[in-house]
Amino acid sequence: MDEKISTLSSTRELVEAVKHGSRAALKRLYELESPRLYGIALRIVRRPEVAADALQEAFVQIWRNAGSFSAERGDASAWLTGIVRYRALDAARKLRREVLSDDPTLGDRPEEPDIVEQIDNKVTAGALSRCVGLLDDSQKRCVVLAFVDGLSHAEIAGRLQAPLGTVKSWIRRGLISLRSCLQA
Amino acid sequence: MIPEDPEELHVLAGEYVLGVLEPDAAREVEASLATHELLRRAVTFWEEHLASLSSLAARIEPPAHLWDLIAARVGPMPAPAAPGFWNSLSLWRWSTAAAAAIAAVLALYIAVVPPSPAPTFVAVLHAPQKDQAAWVATAGRSGLLIHAVAGGAAPNDRAFELWAIAPGATKPQSLGVIPADGRLALGALPAAVRDGGVLAISIEPLGGSPTGQPTGPVVFAGTLVATN
């Protein structure tokens, strides 16, 4: 039994077990990963009940699509992050087409504080942290606002009070320089 | 168009993973993923490398009920049928596949991570036509414990009485009146509590049914599932 539990503590093993239809593994995966994944979704959609819906959809998708998780992927956590982010981004696009209010009576969380400064402390995974460090400030800020806050080109332009074309080119050059650094 | 130039391909894949593409462009990337292997690899490259940026988002506990909603939606299992009492009270309509799935998840989970002492059976009781768990029962060598998940109080001047129906039995056996705090513990395991049996709760006069059989409506029911 102990052996079974310790096996079920690694995200990758759990995803493999879910792939074989284990509901117990899905539950364990939820217990271990849901605070991280809910935090990611909430940061993007900013409304708790919408984030909860996105997380629910994501776990149903994880259950149904675990078979598509392939061994060629190195990282099961990144796979989970991707599923939750895409669900949250869909929800955020829908929501923001309707309203972007920051109205606390609607349960909206106020615009999140800028977190670019926390990169050095929090993003410690070797290659990415080294390569992000090589980006200039505007490029770094754009990449974080897009990936972590889920903002579109136009929303980033609004937030940074920069022309849309400039933002697009910051992101483009940021990606090119990240890739050449990550592949080196 | 998906570009052929590798650098342009990677920029497009990166913009897709960042989530900044216009909806039309994002849909085109999505549609091409199944057939365009280089694009798929480029998207995976960015997903894996950028994922650690998400550690910038704070960890936050999701709402407590969320797992139940997910459990009710994943892999429903067929509910076992029971004759007799089932039919007479139309309980069969209540045992939705989803509720059986919740109990099955609970059973599997307990089997993997046993509390002490491990229960032998679990049941999730719910109201008719609803998937949401209202009561959770666990039973084992040390007896049976049932408690309300939310709002365990009976209507005014009435009491909830708990019944067990063994698989194949026609008459329910009373397990007792549930105290107003929505929690009932029995020191011994009633014989009717077996795998595939049913726990049901009816509304009765204070002090319990005067006849030894349910006299009021059965308002919650659930199937017992063995944990091993």
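The paragraphs below go through chain A, the contact between the chains, and then a helix and a sheet of chain B.

This is a predicted model, in which local features need pLDDT of at least 70 and side-chain atom pairs count only at pLDDT 80 or more, while totals for chains, interfaces and linings use all residues. Residues are numbered from 1 along each chain as its sequence is written, and chains are lettered from A and ligands numbered from 1 in the order in which they are written.

Chain A has ten helices and zero strands, where helices (H or I, at least four residues) and strands (E, at least two) are DSSP runs numbered from the N terminus. Along the sequence the pattern of chain A reads α-α-α-α-α-α-α-α-α-α. Of its 184 residues, 40% are buried. A residue is buried if 20 or more other C-beta atoms lie within 10 Å of its own, exposed if 12 or fewer, and partly exposed in between, with C-beta atoms placed from the backbone. Two residues are in contact if their C-beta atoms, placed from the backbone, lie within 7 Å. Among the contacts in chain A between residues at least 6 apart in sequence, 60% join residues at least 24 apart.

Arg12(A) belongs to helix H2 (residues 11-19) of chain A. Arg12(A) and Asp75(A) are 63 residues apart along the chain, and their C-alpha atoms are separated by 7.3 Å. Arg12(A) counts as partly exposed because it has 15 C-beta neighbours inside 10 Å.

Two loop residues of chain A have an unusual backbone angle to consider against a general rule. Most residues other than glycine have a negative phi. Arg46(A), in the loop between helix H3 (23-45) and helix H4 (48-65) of chain A, has a positive phi near 65 degrees. Gln161(A), in the loop between H9 and H10 of chain A, also has a positive phi, about 50 degrees. Their surroundings can be stated in turn: Arg46(A) counts as buried, with 24 C-beta neighbours inside 10 Å, whereas Gln161(A) is exposed, with 6 other C-beta atoms within 10 Å.

How do the helices on either side of Gln161(A) pack, H9 and H10 of chain A? Helix H9 (residues 153-160) of chain A and H10(A) pack at an angle of about 110 degrees, and their axes are 9 Å apart. Axes are lines fitted to C-alpha atoms, for helices over the stretch in contact, and angles run from 0 to 180 degrees between N-to-C directions. H9(A) and H10(A) are therefore roughly perpendicular; angles under 35 degrees count as roughly parallel, over 145 as roughly antiparallel, 65 to 115 as roughly perpendicular and the rest as oblique. H9(A) contributes His153(A), Ala154(A), Ile156(A), Ala157(A) and Leu160(A) to the contact, and H10(A) contributes Leu164(A), Val167(A) and Lys168(A). These residues divide into six nonpolar, one polar and one charged. Ala, Val, Leu, Ile, Met, Phe, Trp, Tyr, Cys and Pro count as nonpolar, Asp, Glu, Lys and Arg as charged, and the others, Gly among them, as polar.

The contact between the chains takes 51 residues from chain A and 39 residues from chain B. On the side of chain B that touches chain A, H1, H3, helix H4 (66-73) and helix H6 (97-112) of chain B each supply at least two residues. H1(B) gives the largest share, six residues. By class, this side of chain B has 23 nonpolar, nine polar and seven charged residues.

Helix H1 (residues 6-18) of chain B has 13 residues and should span 18 Å at 1.5 Å a residue, which agrees with the 18 Å between its end C-alpha atoms; the expected span is 1.5 Å times one less than the number of residues. Buried residues in H1(B) include His10(B), Tyr16(B) and Leu18(B). The buried residues of H1(B) pack against helix H8 (137-147) and helix H10 (164-183) of chain A, together with helix H2 (23-33) and helix H3 (37-50) of chain B. After H1(B) comes Gly19(B), with a positive phi near 90 degrees.

Chain B also has an open sheet of five strands in the order S6-S3-S2-S1-S9, with antiparallel pairing. Two strands pair if DSSP finds at least two bridges between them. Strand S6 (183-186) and strand S9 (225-226) of chain B are the edge strands, each pairing on one side only. Strand S1 (residues 121-125) of chain B pairs with S9(B) over two bridges, and Val122(B) has Val225(B) as its bridge partner. Five bridges join S1(B) to strand S2 (residues 135-140) of chain B, where Val124(B) stands opposite Val136(B). Six bridges join S2(B) to strand S3 (residues 143-148) of chain B, and Ala137(B) has Ile146(B) as its bridge partner. S2(B) and S3(B) form a hairpin with two residues between them.
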